[in-house]
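Biologist: I would like a close look at one part of this structure, please. Take me through how its helices pack, and add whatever surroundings help me find my way.

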Amino acid sequence: MAARRPLYYDSGNLREMSEAMITSIQNRCVYVYGSDPSVTLSVVGSSGTLDSMSDTRMQAGTDTTDSTNFDTESETPNISQVTPIVFDKISQVNASLSAPTDTNNRLYPVYYDGSGAVQAMTATDMFDTFITQAITTLVDGNDRDGTFRIHTATSLTDHTLISSTPVFTDTRADVAAYTDAGIPETRDQPTTITNYYVFRTNQGTAPSITVPFQVTTGNDLQTYSASAFDAMLLAEMRHHTVNTVGSRITYSINGTGANRGTGMVDTRLDGSGNYQQRQDGPSGSPSTVYRTQEFPNGSPQTINTYFLKITRS
Amino acid sequence: MAVTQINLSDAVTTLVTKTNTIASDLGDKALLSTTDKTNLVAAINEINTQVGKVDSADVINLITANALDSSEVIQLLADTTADANIYSNFQKDSANGIGFDSSQGRFFIPPNTINASMIELNAVTEVKIANNSITEDKMADDAISSVELKSLSTLLIKDSAGSTLKTIHGAGV
């Protein structure tokens, strides 16, 4: 660890940055990362790189018919769970990047070494001073510039919808769709409870910073231009978030790390079945058909909750 | 006054009178102020010897011997009644920065006349220079090195590999 205190211009003097100034630059790293994140999520049709999620729901049992009387509830097939609907739509894409080139060993800000020298920071110094803290902020679970999250609507303030295709849909049996008069009802009559979408947190307001000195090609000290400093910070952030072990931003479904947005809940009705009968014809007529069927019923219960997680690994 | 002459025809009384006149004209040798009072020739020779002394030591001795103070010397030099005014022989030497005030009878060095050639090499020592008087313009370009700085403080600018890119020297406190 070699966190440094960069030097800046202060009314004709060289001065070491305060902790607050360094923190501002760390926040600036988060901000610039938001302009061009190196780790992105996309919505694909199938086979996403993140773990899949399953939506489950109940369906009606098979209906029964009898020419003499109604089958009893025990004779009537029970409700059952439909084959889970698999959602495997989220892919993480990492930009292919190399470490920034520190040409002539003067790419980074300068600091006072305590022994009479003003020295340019190394890439390690830069990482230890600014980048690692910024990455920690990015993965803290809050809405950070350039990170991704889940939301239950197609719009969200300060966020950009990645795709109008939901990455997960919670469905349940539509109880209201099943009626005794409708026997034989179609067994699987779902209704959508909630759709979940991926959003990217937009780049926010630029934190105000004090721009430090760097060593010029003429071996002088000069304050970076704001744009050059931002570009340098962005390059560092993009590189470390995809290449540096322990600092790579990684998304997962229910992996380690902080939750990003709303949990995607798979709910299902918990009833054992609503036994219903339908007499199709007058009683005693040989043509009369006695029908029974069990419909999904009960209260919705959470079967599983899937969180989009973010961590550094 | 005519020269007293004795004629062969003069009476004894006239001879007596003329002899006394001659004696009076010669004076009493005992009253000579010369050192040698033996006779007039000796006295005159003594004076002649003194007149022949013209080098500075002789002049000083002469002045001393005659108990002349400085004002009397100046008065003597400035006496315009002399056959030749001594002041008139004094000359200024402007080329070498020497002026002459004829009214005061003194030489002087006018302002702004001492040039570089008048100062001996290495003659201007530290004590001849007033404190805090060396201005920036008096410093030659590229003349001050780090060893002249008081309480030298040095700042290095290094690249991230630790190689020194620039060395900056400054005076300490």
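**From chain B to the helices of chain A**

Modeller: Let us begin with the surroundings: chain B has 4 helices and 4 strands. Here helices (H or I, at least four residues) and strands (E, at least two) are DSSP runs, numbered from the N terminus. This is a predicted model, where local features need pLDDT of at least 70, side-chain atom pairs count only at pLDDT 80 or more, and totals for chains, interfaces and linings use all residues. Residues are numbered from 1 along each chain as its sequence is written, while chains are lettered from A and ligands numbered from 1 in the order in which they are written.

Read from the N terminus, chain B runs α-α-α-α-β-β-β-β. Its domain assignment gives domain 1 (1-52) and domain 2 (134-173), with bounds that come from an automatic or database domain assignment. The C-alpha centres of these two domains of chain B lie 94 Å apart. Of the 173 residues of chain B, 3% count as buried. A residue is buried if 20 or more other C-beta atoms lie within 10 Å of its own, exposed if 12 or fewer, and partly exposed in between, with C-beta atoms placed from the backbone.

Now for where chain B meets chain A: 11 residues of chain B and 15 residues of chain A take part in the contact. Two residues are in contact if their C-beta atoms, placed from the backbone, lie within 7 Å. On the side of chain B, strand 3 (153-158) and strand 4 (164-170) are the elements that give two or more residues. Strand 3 of chain B gives the most, with 5 residues. Sorted by class, this side of chain B has 5 nonpolar, 3 polar and 3 charged residues. In this sorting, Ala, Val, Leu, Ile, Met, Phe, Trp, Tyr, Cys and Pro count as nonpolar, Asp, Glu, Lys and Arg as charged, and the others, Gly among them, as polar.

That brings us to the helices of chain A. Helix 1 and helix 2 of chain A have their axes 8 Å apart and pack at an angle of about 60°. (Axes are lines fitted to C-alpha atoms, for helices over the stretch in contact, and angles run from 0 to 180 degrees between N-to-C directions.) Helix 1 of chain A is therefore oblique to helix 2 of chain A. Angles under 35 degrees count as roughly parallel, over 145 as roughly antiparallel, 65 to 115 as roughly perpendicular and the rest as oblique. The crossing of helix 1 and helix 2 of chain A is right-handed. A crossing is left-handed if the near helix is turned anticlockwise from the far one by less than a right angle, and right-handed if clockwise. Helix 1 of chain A brings residues including Ile22(A), Ile25(A) and Val30(A) to this contact, and helix 2 of chain A brings residues including Phe130(A), Ile131(A) and Leu138(A). By class, this contact has 9 nonpolar, 4 polar and no charged residues.

Two more residues belong to helix 1 of chain A: Met21(A), in the stretch 19-33, and Thr23(A). Met21(A) is partly exposed, because 18 other C-beta atoms lie within 10 Å. Met21(A) is 16 residues from Arg5(A) in sequence, with 9.4 Å between their C-alpha atoms. Thr23(A) is also partly exposed, with 16 C-beta neighbours inside 10 Å.

Helix 2 (residues 123-138) of chain A also meets helix 3 (residues 226-243) of chain A, where the axes come within 10 Å and cross at roughly 70°. So helix 2 of chain A is roughly perpendicular to helix 3 of chain A. This crossing, too, is right-handed. Ile131(A) and Ala134(A) are among the residues that helix 2 of chain A contributes, while helix 3 of chain A gives Glu236(A), Met237(A), His240(A) and Thr241(A). The contact of helix 2 with helix 3 of chain A has 6 nonpolar, 2 polar and 1 charged residues.

Finally, a few backbone details in the loops of chain A. Most residues other than glycine have a negative phi, and most peptide bonds are trans. Ser47(A), however, has a positive phi near 55°, and lies in the loop between strand 3 (39-43) and strand 4 (53-55) of chain A. Ser47(A) is exposed, because 9 other C-beta atoms lie within 10 Å. The peptide bond from Ile183(A) to Pro184(A) is cis, with omega near 5°.
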